[in-house]
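Dear colleague,

I am passing on the structure that follows, together with an account of what was found in it. Please keep it open beside this message as you read.

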2 protein chains.
Amino acid sequence: MIADQPIPKARGRRRSRRGEGMQAPAIMQRPFAQLTRPYPAVERISDDQIEHIHHASLELLSKTGLDVLHEDARAIMKMAGADVKEGDVRVRFDPDLINGAIETVPSEFTLHARNEKHNVNMGGDNVAFAMMASAPNCSDIDNGRRAGNQKDFQNFLRLAQTHNILHMTGGYPVEPVDIHASARHLDCIHDYITFTDKAYCIYSLGEERVADAIEMTRIAHGLSRDQMRDQACMFSIINTNSPLQLDIPMMQGVMALSEMGQPVVITPFTLAGAMAPVTIAGAVTLQNAEALAGIAFTQMVRPGAPVMYGGFTSNVDMKTGSPAFGTPEYMQAQHVGGQLARRYSIPYRSSNVCAANTVDSQAAYEAVFSLWGAINGGANMVMHGAGWLEGGLCCSYEKVMLDIDLLQMVSEFLQPVSTSSDDLALDAIEEVGPAGHFFGTEHTQERYRDAFYSPILSDWRNFETWQEGGSPIAIERANAEWKSRLAAYEPPPLDPVIREELEAFVAKRKAEGGAATDF
Amino acid sequence: MIADQPIPKARGRRRSRRGEGMQAPAIMQRPFAQLTRPYPAVERISDDQIEHIHHASLELLSKTGLDVLHEDARAIMKMAGADVKEGDVRVRFDPDLINGAIETVPSEFTLHARNEKHNVNMGGDNVAFAMMASAPNCSDIDNGRRAGNQKDFQNFLRLAQTHNILHMTGGYPVEPVDIHASARHLDCIHDYITFTDKAYCIYSLGEERVADAIEMTRIAHGLSRDQMRDQACMFSIINTNSPLQLDIPMMQGVMALSEMGQPVVITPFTLAGAMAPVTIAGAVTLQNAEALAGIAFTQMVRPGAPVMYGGFTSNVDMKTGSPAFGTPEYMQAQHVGGQLARRYSIPYRSSNVCAANTVDSQAAYEAVFSLWGAINGGANMVMHGAGWLEGGLCCSYEKVMLDIDLLQMVSEFLQPVSTSSDDLALDAIEEVGPAGHFFGTEHTQERYRDAFYSPILSDWRNFETWQEGGSPIAIERANAEWKSRLAAYEPPPLDPVIREELEAFVAKRKAEGGAATDF
């Protein structure tokens, strides 16, 4: 276990960023800030092609329809005008019904954290990164791979809280299977609220758990239920059961959360060649149909409820059926999904994912392909921002550090490029003149400390010095870094009144036996 | 030495790409093809900001000017209207002179290979990749790092010829220092022409060498000198001596090549914080001024001569002075450089570079940042496409394989996304229905073999199978791959008449003592 070994103290050798002030004493990083993309997202395919996919999706929902397993959800859809037949789970939607329903979706909304400085905006050119979510396993190179557990779960929350580039906790970074399923959501949400003060993702695993999550979040934010209806304070990922099925827990989640004004992220898991057609256009058409059905349903529950369009289309390895991530096809789907979300003016969610089994060059190139696919594809929320390995089956401490470095580099790229007179530097160039050197100039001396991003993992020593230093590779540097950064964690303050109310709620619900585990 | 060890035969396990036919028997890859970017390049900063940089560059050239060490070059500039004073190397250019001179630059041109099927277009949305160039060292993980030599030089040419994703040889992949400098250019260009039939880059190292390169290329293409003047058959990189200096060999190269209608790529090496201001805007302003001066000079030599705008601005590690590559600042400079080149309608060159010392995740993320910076920044020519390690000091066999995989993935992303009825797959989705699986459908069966890119290095096995297989990391897979691919090399045909003329020329020049080595 990680905490059983000596943790070296943070070395504090990272430089501050452009003098805007440091946060934690030992970790030099930019302050927490909303990121924005300063240029239009890439339009990978033409507007006409987007219309082809849009119309095909509507045709699919109208002719084939999809199966909605939850009776109450079908009743709401029927009331809204959908074609629902008694005793049949199949639901069909007229194109006008879908087009009309999605009109009330907010194009932007603010996701509130319990510390308002950690609020983030969704929609438009906004970008925010979330920690990895939902891994059954975790690993580090000292102790290898192990099943998810509470100690690692809490450690990952500490890393998410410590790093300003992680705007949100994205869900359980690793599933703490050492906590009984009846009480797990209570302990995990309690940890979200006490270990971090950022926004988080709760799971739609039945009415009871969602109700508990809403109540705990309400307590954490110090709101009444009525106030909470107008303030997004958490979110939930709603995965459709591709192809063309909406299951009971997911519909329960949408009904409870949309009614309470809490955002859901409708994310079909459309793997081309498996749960979706083998063509990218076909897989995205299926994704779009399922997303539109789910998004329209949120508006049938409550017009104006915040909701996001989630894209997760990727391809499978056709030799083995394994999902692949960070592929060129994945990037294409990220971009086309973003174009569709923008066509509908709905905030867009994508991910930072890979299929690598260790933090080698494959992990890096798949992650960076995913990241630029997300950013240039127009994603507002990038889930699984740090830690994702093995196609999502493992959250790796070293991958967390690699990803934090990558996210910080993406953030640096997105920062403004100033072309003020001072920055154009004509005086400095004149002063240095031909064949001179800029290091000694006042222009350089005034700026060099904070001029450039100082990466966490990159080793820029020359070959000989690097070799004399033992030829370290990036995964080894990542291993040293997560330990020092974990040691630098500081718990965020929490109002004692809120803490007491929260603990009392958890104790009461545990005494009642938590949530039923028969799902 | 590589060839001294047993080379396993190519295994031929890669699948063909979309049935468009295979090339070499053992290596499955797309046929050689011009790539194009199917969406507009990213405009990282505003048009107004681009004008700030443009005007600052012109002001710099007009007020400060730059040093031109070659007397004949100064005379040409003076004749064109530049401010040149007797006995002074400093040259100043009026803004109108620069603006007027660059008007005759061709916005697009074709770079001819001796095999016309390997011609590539520069400018517009065209993209082409070149092999790494100019490394003093090379390495592989079996035999480590060593000084450049002819055997490795030839091996890298074989790999460049074998892989269709490498459109050009970019220069000497590694400097063969075991060939005497007087004859090295003769042997190297001879090898370019005989080991490959793709376009290549020659070095501007004095009048004699450039004249030899022109003559050998003329022979290889079977052209008269007059015909050659209208046909770009090779190119040369012209690095300015930043800051603000144009040296003698570089100017000799421009004069000889532009006069002969052969493209030069004016590439200032403006490292922010060292040879350029510490701000990205300042470094790019210096880059732009130097590039404009060089580009304008090509048009003074011969209006209409093909020329490219080369961007190589990066930052240095301010702790050590080491150049950094693939950084967020490098990407910003790539994008801004591309915007400037497009403002002038001049074809744009960028690079695939990193500062890593081994093929670990750092090598991958720096390379992928560079690559997307080049592609989305609007580069037409991507130099150092495969092999670059250690900030350019080493060409690595394993990095060649990593990069070829990355370039192929970029190429896949750029391929058309069809939204034909067949590809939208509504019938297949209807057939499969809710909760079904697509693998068994005719739609999938007809397409699955070629539906997705099959990476060279990515290991998509699940963790357990991967672990049972010895937990291989990407660099190990790259090591196995370059050997099989080297073994699959087939020399391109060469007309015996041309070969004879070429050999005779090389023999004659060697008998004459080659080129003087007093530079």
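Helices and strands here are DSSP runs, H or I over at least four residues for a helix and E over at least two for a strand, numbered from the N terminus. This is a predicted model, in which local features need pLDDT of at least 70 and side-chain atom pairs count only at pLDDT 80 or more, while totals for chains, interfaces and linings use all residues. Residues are numbered from 1 along each chain as its sequence is written, and chains are lettered from A and ligands numbered from 1 in the order in which they are written.

I begin with one residue. Glu108(B) sits in the loop that runs between helix 3 (95-101) and strand 5 (109-111) of chain B. Glu108(B) counts as partly exposed because it has 15 C-beta neighbours inside 10 Å (20 or more other C-beta atoms within 10 Å of a residue's own make it buried, 12 or fewer exposed, and anything in between partly exposed, with C-beta atoms placed from the backbone). Leaving aside residues up to four places away in sequence, Glu108(B) touches Asn121(B), Met122(B), Gly123(B), Gly124(B) and Pro347(B), where contact requires C-beta atoms, placed from the backbone, to lie within 7 Å. Its C-alpha atom is also 8.2 Å from that of Pro306(B), although the two are 198 residues apart along the chain.

As for the overall fold, chain A contains 18 helices and 19 strands. Its radius of gyration is 24 Å, close to the 24 Å that the globule rule gives for 519 residues, so chain A is as compact as a globular protein of that length; the radius is taken over C-alpha atoms, and the rule is 2.2 Å times the number of residues to the power 0.38. Of the 519 residues in chain A, 60% are buried, and among contacts in chain A with a separation of 6 or more, 76% join residues 24 or more positions apart. Helix 12 (residues 397-414) of chain A is largely enclosed by the rest of the structure, because 16 of its 18 residues are buried.

Turning to the pair of chains, 101 residues of chain B are in contact with 102 residues of chain A. On the side of chain B that touches chain A, the largest share, nine residues, comes from helix 11 (residues 361-376) of chain B. That side divides into 58 nonpolar, 29 polar and 14 charged residues (Ala, Val, Leu, Ile, Met, Phe, Trp, Tyr, Cys and Pro count as nonpolar, Asp, Glu, Lys and Arg as charged, and the others, Gly among them, as polar). Chain B superposes on chain A by a rotation of 180° with 0.0 Å of shift along its axis and an RMSD of 0.0 Å, the fit being by least squares on the C-alpha atoms of residues with pLDDT of at least 70 in both copies. That is the relation of a two-fold axis, and in chain B the C-alpha nearest the axis, at 1.9 Å, belongs to Ser361(B).

Some backbone details also deserve a mention. The peptide bond from Ser242(A) to Pro243(A) is cis, with omega near -5°, and the bond from Ser242(B) to Pro243(B) is cis too, with omega near 0°. Leu244(A), in the loop between strand 10 and strand 11 of chain A, has a positive phi of about 60° although it is not a glycine.

With best wishes

How values were computed
Contact = placed C-beta atoms within 7 Å.
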